[in-house]
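Below is a short note for a colleague who has not yet looked at this structure. The points are numbered so that each can be checked against the model.

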Amino acid sequence: MATKKELHLYCKNFVRERLERIQANIQDIRISLASETKSSAGDKHETGRAMLHLEREKLGQQLTEAEKINLLLSKVPINNNKECIALGSFVKTSKANYYIAISAGEFKKHEQVVYCISAGTPIGKLLLGKSVGDIVTYNGECIKILEII
């Protein structure tokens with residue numbers, strides 16, 4: 001069975017890998033811009049440089065967003081055994097298991113799947129503040145909260 005520590009570590013690795021990937025792409029663009037030499041093509045050269053600058057701006061925005069997610073994750077409590085669902089809760093329901101932290105996809109361990117979701121997702125919003133035994137309706141399906149870890 002998955003533990004909250006494992007789920008939190010999975011989310012940390014997810015964010016770390018994303019940050020590393022974005023930073024590597026930014027570095028590749030810096031190298032490309034530095035190695036571009038003025039060609040006789042003129043306009044073609046300028047268009048290529050402009051495209052690289054646009055891509056670098058887009059990656060900069062992605063980097064900012066990933067850093068915000070990393071900051072949010074650093075504030076997620078690992079040892080919060082609360083009566084109701086909050087940020088950092090590992091929730092078992094009649095439909096699926098959820099870790100309320102950041103949107104990081106599926107965590108799989110043996111046969112168990114836990115969806116790492118943000119509190120801002122539709123299902124996350126429904127679950128927040130609920131307790132064991134409560135029922136929420138999502139996409140026309142009734143989901144019972146079985147356990148909060």
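1. Strands β3 and β4 are antiparallel partners, joined over five bridges. Within this pairing, Glu106 has Tyr115 of β4 opposite it. The two strands form a hairpin with two residues between them, and His110 there has a positive phi near 55 degrees. Please keep in mind that the model is predicted.

2. The hairpin belongs to a wider arrangement. Six strands make up an open sheet with mixed pairing, and their order is β3-β4-β2-β1-β6-β5. At the edges are β3 and β5 (135-138), each of which pairs on one side only. Ignoring direction, neighbouring strands of the sheet are turned against each other by 35 degrees on average. In a regular strand, side chains alternate between the two faces of the sheet.

3. At the other edge of the sheet, β5 runs antiparallel to β6, and four bridges join the two. One of the residues to look at here is Tyr138, whose bridge partner in β6 is Glu141.

4. How many residues does α1 have, and how far does the helix reach from its first C-alpha to its last? The helix has 32 residues and spans 46 Å, close to the 46 Å expected at 1.5 Å a residue. Helix α1 lies across β1, β2, β3 and β4, and its direction is at about 135 degrees to β3.

5. Several residues of α1 are buried, among them Leu7, Cys11, Val15, Leu19, Ile22, Ile26, Ile29 and Leu33. The buried set of this helix also includes Lys4 and His8.

6. Two aromatic pairs turn up in a search of the whole structure. In one of them, the ring centres of Tyr10 and Phe107 are 5.4 Å apart and the planes stand at 75 degrees, so this pair is edge-to-face. It connects distant parts of the chain, with Tyr10 in helix α1 (residues 4-35) and Phe107 in strand β3 (residues 105-109), 97 residues apart. Tyr10 is partly exposed at a relative accessible area of 25%, whereas Phe107 counts as buried at 10%.

7. The other pair consists of Tyr98 and Tyr115, with ring centres 6.1 Å apart and planes at 40 degrees, so it is classed as tilted. Why tilted rather than edge-to-face? Planes have to be over 60 degrees apart to count as edge-to-face and under 30 to count as stacked, so an angle between these limits is tilted. Tyr98 is in strand β2 (residues 97-101) and Tyr115 in strand β4 (residues 112-118), 17 residues apart. Tyr98 is buried, with a relative accessible area of 6%, while Tyr115 is partly exposed at 33%. Tyr115 is also the residue that Glu106 stands opposite in β4.

8. The count of salt bridges comes to seven. Side chains of opposite charge can pair when their charged atoms come close. One of the bridges joins Glu6 and Lys109, at 2.8 Å from N to O. Glu6 is in helix α1 and Lys109 in strand β3, 103 residues apart. Glu6 is partly exposed, with a relative accessible area of 28%, and Lys109 is partly exposed as well, at 23%. Helix α1 and strand β3 are thus linked by this salt bridge and by the aromatic pair of Tyr10 and Phe107.

9. Within α1, the side chains of Glu20 and Arg16 form a salt bridge at 3.3 Å, N to O. These residues are four apart in the helix, about one turn. Glu20 counts as partly exposed at 43% relative accessibility, and Arg16 counts as partly exposed at 37%. Glu17 joins them: Arg16, Glu17 and Glu20 are linked in a network of salt bridges.

10. Which strands are tied together by Lys92 and Glu147? Their side chains meet in a salt bridge of 4.0 Å, N to O. Lys92 lies in strand β1 (residues 90-93) and Glu147 in strand β6 (residues 141-148), so the bridge ties together parts 55 residues apart in sequence. Lys92 counts as buried at 13% relative accessibility, whereas Glu147 is partly exposed at 34%.

Conventions: Residues are numbered from 1 along each chain as its sequence is written. This is a predicted model: local features need pLDDT of at least 70, side-chain atom pairs count only at pLDDT 80 or more; totals for chains, interfaces and linings use all residues. Side-chain values use heavy atoms; hydrogens and water are left out. Rings of Phe, Tyr and Trp (its six-membered ring) pair if their centres lie within 6.5 Å; planes under 30 degrees apart count as stacked, over 60 as edge-to-face and the rest as tilted. Buried means under 20% relative accessible area, exposed over 50%, partly exposed in between (1.4 Å probe, protein chains only). Two strands pair if DSSP finds at least two bridges between them. Axes are lines fitted to C-alpha atoms, for helices over the stretch in contact, and angles run from 0 to 180 degrees between N-to-C directions. Contact means heavy atoms within 4.5 Å. The expected span of a helix is 1.5 Å times one less than its number of residues.
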